[in-house]
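This report walks through one protein chain, residue by residue where that helps. Keep the coordinates open while reading.

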Amino acid sequence: MDHEHATHEHTAHTHEQHGPHGGAGASWTMAAQATLHCLTGCAIGEVLGMVVGTAFGWGNLPTTLLAIVLAFFFGYALTMRGVLKAGVDLRTALRVALAADTLSIAVMELIDNGTILVWPAAMDAQLGDALFWISLAISLVLAFLVTTPVNKWTIGRGKGHAVVHRYHR
């Protein structure tokens, strides 16, 4: 009986040292930080895509598609930058970024672009219109609020941004 108890204590200690292993183990702070990281890449991509699409006189669909592609690009690039600093090769950094960010960015883009799509006149707002910036800001806040629990869930299971944290020692 004492041996079983000692084994249990050792296992509990090991789990505390190595971070979250279950859904309850991921903190809201960690999830919010991961989501802010994704939000940064998404916002850069969204704004740049809108600026480029508007500058070239593109319609809503090609501009939105460019913004989504750039959101993924910048989201992955920001993650890869940090992972590459840890000394891993480019291929490993890309794999880590894909594993860490794909679900988070996809949810964020779905909420962000879905909000803009259903907001009356937001799709037709120009860069100089207050509606463009207000609808974009609100859509990104909504995307953050929806994506944070997703990131908490994935981190708690050792997925998503938990993969990135293995390289931040």
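In which helix is Ser 104 found? Ser 104 is found in helix α4. The model is a predicted one.

## Overall fold

The protein chain has six helices and zero strands. From the N terminus on, the order of elements reads α-α-α-α-α-α.

Of the 169 residues in the protein chain, 36% count as buried. The exposed area of the chain comes to about 9,700 Å². Carbon and sulfur atoms supply 69% of that area. Among contacts with a separation of 6 or more, 70% join residues 24 or more positions apart.

## Cys 38 and Ser 104

Cys 38 belongs to helix α2, which covers residues 28-55. Its relative accessibility is 0%, so Cys 38 counts as buried, the cut-off being under 20%. Ser 104, in helix α4, has 1% relative accessibility and also counts as buried.

Which residues does Cys 38 touch, leaving out those up to four places away in sequence? They are Asp 101, Ser 104, Ile 105, Met 108 and His 161. Cys 38 and Ile 105 are 67 residues apart in sequence, yet their C-alpha atoms are 6.3 Å apart in space. Ser 104 has its own set of contacts beyond four places in sequence: Cys 38, Thr 147 and Asn 151. The contact between Cys 38 and Ser 104 links helix α2 to helix α4, as the contact list of Cys 38 shows.

## Thr 102 and the Phe 72–Tyr 76 pair

Thr 102 lies in helix α4, residues 90-118. Is Thr 102 buried or partly exposed? Thr 102 is partly exposed, at a relative accessible area of 33%. Not counting residues up to four places away in sequence, Thr 102 touches Phe 72, Tyr 76 and Ala 97. Gly 160 is 58 residues away along the chain from Thr 102, with 8.0 Å between the two C-alpha atoms.

Two of those partners, Phe 72 and Tyr 76, also pair with each other. The structure holds four aromatic pairs. Phe 72 and Tyr 76 form one of them, a tilted pair with 5.9 Å centre to centre and 50 degrees between the planes. Why are Phe 72 and Tyr 76 separated by about one helical turn? Because they are four residues apart in helix α3, residues 60-85. Tyr 76 counts as buried, at 14% relative accessibility.

## Phe 132, Trp 133 and Trp 28

Phe 132 and Trp 133 form an edge-to-face pair. Their ring centres are 4.7 Å apart, and the planes meet at 85 degrees. That angle is over 60 degrees, so the pair counts as edge-to-face. Phe 132 is buried, with a relative accessible area of 7%. Trp 133 is partly exposed, with a relative accessible area of 40%.

Another ring, that of Trp 28, has a charge over its face: Lys 152 lies there, at 5.2 Å from the ring centre.

## Nonpolar surface patch

Which residues form a nonpolar patch on the surface? Ile 134, Ile 138, Val 141, Leu 142 and Leu 145 do. Together they have about 430 Å² of accessible area. Ile 138 is one of the patch residues and is found in helix α5. Ile 138 is partly exposed, with a relative accessible area of 37%. Patch residues need over 30% relative accessible area, so Ile 138 clears that cut-off.

## Asn 60 and Ala 121

Asn 60 lies in helix α3. Its relative accessible area is 32%, so Asn 60 is partly exposed, between the cut-offs of 20% and 50%. Asn 60 touches Met 123 and Asp 124, with residues up to four places away in sequence left out. Asn 60 and Leu 117 are 57 residues apart in sequence, and their C-alpha atoms are 9.8 Å apart.

Where does Ala 121 lie? Ala 121 lies in the loop between α4 and α5, the latter being residues 130-156. Ala 121 is not a glycine, but it has a positive phi of about 75 degrees.

How values were computed
Residues numbered from 1 in each chain as written. Predicted model: local features only at pLDDT ≥ 70, side-chain atom pairs only at ≥ 80, totals over all residues. Heavy atoms only, no water. Helix = DSSP H or I, 4+ residues; strand = E, 2+ residues; numbered from the N terminus. Buried < 20%, exposed > 50% of the residue type's maximum accessible area, 1.4 Å probe, protein only. Contact = heavy atoms within 4.5 Å. Phe/Tyr/Trp six-rings, centres within 6.5 Å; stacked < 30°, edge-to-face > 60°. Lys NZ or Arg CZ within 6 Å of the ring centre and 35° of its normal. Patch = residues over 30% accessible without salt bridge, like charges linked within 9 Å, V, L, I, M, F, W, Y side chains within 5 Å. Areas by Shrake-Rupley, 256 points an atom, 1.4 Å probe, with all protein chains shown as cover. Salt bridge = Lys/Arg side-chain N within 4 Å of Asp/Glu carboxyl O.
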